[in-house]
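Here are my notes for anyone opening this structure for the first time. Have a look at the model, then go through the points in order.

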Amino acid sequence: MSQPAQVTDVTHRLVPSPAGRIHLVEQGDGPLVLLVHGFPESWYSWRHQLPVLASAGYRAVAMDVRGYGRSSKPEGAAAYRMLDLIEDNVAVVRALGEETAVIIGHDWGSTIAANSALVRPDVFRAVGLLSVPYAPPGGPRPSEVFARMGCDEEFYVSYFQEPGRAEAEIEPDVRGWLAGFYAALSAETMPAPGFPDPHFVSRGGRLRDRFPAGRLPAWLGEDDLDVYAGEFERSGLAGALNRYRNMDRDWEDLAGFNGKPITQPSLFLGGALDASTTWMAEAIQAYPTTLPGLVSSYVLDGCGHWIQQERREEVNEILTGWLASLPA
């Protein structure tokens, strides 16, 4: 398995956390910037950001969230609740000898980063959110909301709820499934308007039935796909999927923060063709109230869900500019 040159100068390490251990990859010296990936990815999704942030004078650290890659994988779905992931992030900062950090997340990592900033503002002094907008805790119970989506079809989040069900679809062909999932949410390969939505499952069907086949998006080389697939072949998918199986627990755990804004300096970056951006348009419109410390908000035209990989140069420029604007 080969890896692109961008990731050859990084340092891998394992640090203690409530999960057991967290695997992280770091590059550079300076103020700490913690990068948190989403589903179904790993630290490797930040491969294009690590050298750029390091060159800009930051200690860039991309971690494997618990359940992924070389980080610990505790038993039981309840071990993947949001409060536990927040404590992992705090433990990483402490293990690196720092008191505070800027935290940046993508996809589930965006939600983890947002809640880390919300719950532990003493540790996370600024927050960058990629692809998934911030919406404060509260509202209806998540499982009830997802159950109402899709009418005769099943929303993918609901599909992921039953332990073992999605694993049985994915694990016999991890590489093929990942290729289809990445393509389904990428701007250049996603299904055209009017085609069946890959976020939904036909009754009795599989999520992959709606994935495009036969072409990888330009941002995803065969070597990159090998890296992602190799991590999940080793770890399985249960830990990653358990994040989805805690949304009701998180709703209960975070009830004390219902409606609370994040007041630290913040950044949002989304793709115009990403369902996360369009479905949550009202959350973006609410940013003057929910993110009063918002420095910048961008929605990139012609961009899908994998924003820091699809549009790495633009994202790198925006991130370094935002980081430079933060108080020391």
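1. Let's begin in a loop. Ser131 sits between strand E6 and helix H4 (142–147), in the loop that links them. Keep in mind that this is a predicted model. The phi of Ser131 is near 80°, which is a positive value in a residue other than glycine. Most residues other than glycine have a negative phi. Is Ser131 buried or exposed? With 0% relative accessibility, Ser131 counts as buried.

2. What does Ser131 touch over in helix H11 (residues 275–279)? One contact is Ser276, a residue of that helix. Setting aside neighbours within four places in sequence, Ser276 is in contact with Ser131, Val132, Pro133 and His305. Ser276 has 16% relative accessibility, so it counts as buried too, the cut-off being under 20%.

3. Asp107 is another one to check. You'll find Asp107 in the loop between E5 and H3, and its phi is near 60°, again positive in a residue that isn't glycine. Asp107 has a relative accessible area of 9%, so it is buried.

4. While you're on backbone geometry, go to the loop between E3 and helix H1 (50–55), where Pro40 has its place. The peptide bond from Phe39 to Pro40 is cis, with omega near -10°. For context, most peptide bonds are trans.

5. Now the sheet. It is open and has eight strands, in the order E1-E2-E4-E3-E5-E6-E9-E10, and the pairing is mixed. Which strands are at the edges? They are strand E1 (11–17) and strand E10 (294–300), each of which pairs on one side only. From one strand to the next, the twist averages 20°.

6. For a look at one pair inside that order, take strand E6 (residues 124–130) and strand E9 (residues 266–271). E6 and E9 pair in the parallel sense, over four bridges. Leu130 stands opposite Leu269 in E9.

7. Two helices to follow on the sheet are H2 and H15. H2 packs on the sheet and touches E1, strand E2 (20–27), strand E3 (32–36), strand E4 (59–63), strand E5 (101–106) and E6. The direction of H2 makes about 120° with that of E1. Helix H15 (residues 312–325) also packs on the sheet, touching E3, E5, E6, E9 and E10. The direction of H15 makes about 170° with that of E9.

8. H2 has a helix partner as well. How do helix H2 (residues 82–95) and helix H3 (residues 108–119) cross? Their axes come within 9 Å and cross at roughly 75°, so H2 and H3 are roughly perpendicular to each other. On the H2 side, Met82, Leu85, Ile86 and Asn89 take part. They meet Trp108, Thr111, Ile112, Asn115, Ser116 and Val119 in H3. By class, this contact has six nonpolar, four polar and no charged residues.

9. On to the largest nonpolar core, which has 98 residues. The members that touch the most other members are Phe39, Ile104, Phe160, Leu178, Leu207 and Leu269. Two of these names have come up already: Phe39 comes before the cis bond to Pro40, and Leu269 stands across from Leu130. Phe160 is worth a click, too. Not counting residues up to four places away in sequence, Phe160 touches Phe39, Ala166, Leu207, Leu241, Tyr244 and Arg245.

10. Which helix gives the most to this core? That is helix H7 (residues 174–184), with seven residues. H7 is mostly covered, nine of its 11 residues being buried. Among the buried ones are Trp177, Leu178, Phe181 and Tyr182. The buried residues of H7 pack against helix H6 (165–170) and helix H8 (222–235).

11. Last, a residue of H7 with another setting: Arg175 is found in this helix. Arg175 has a relative accessible area of 29%, so it is partly exposed. Beyond its neighbours within four places in sequence, Arg175 is in contact with Glu222, Leu225, Asp226, Ala229 and Glu233. The C-alpha atoms of Arg175 and Gly230 are separated by 8.2 Å, although the two residues are 55 residues apart along the chain.

Conventions
Residues numbered from 1 in each chain as written. Predicted model: local features only at pLDDT ≥ 70, side-chain atom pairs only at ≥ 80, totals over all residues. Heavy atoms only, no water. Axes fitted to C-alpha atoms, helices over the stretch in contact; angles between N-to-C directions. Parallel < 35°, antiparallel > 145°, perpendicular 65-115°, else oblique. Contact = heavy atoms within 4.5 Å. Nonpolar A, V, L, I, M, F, W, Y, C, P; charged D, E, K, R; others polar. Buried < 20%, exposed > 50% of the residue type's maximum accessible area, 1.4 Å probe, protein only. Core = buried A, V, L, I, M, F, W, Y, C linked by side-chain atoms within 4.5 Å. Pairing = 2+ DSSP bridges.
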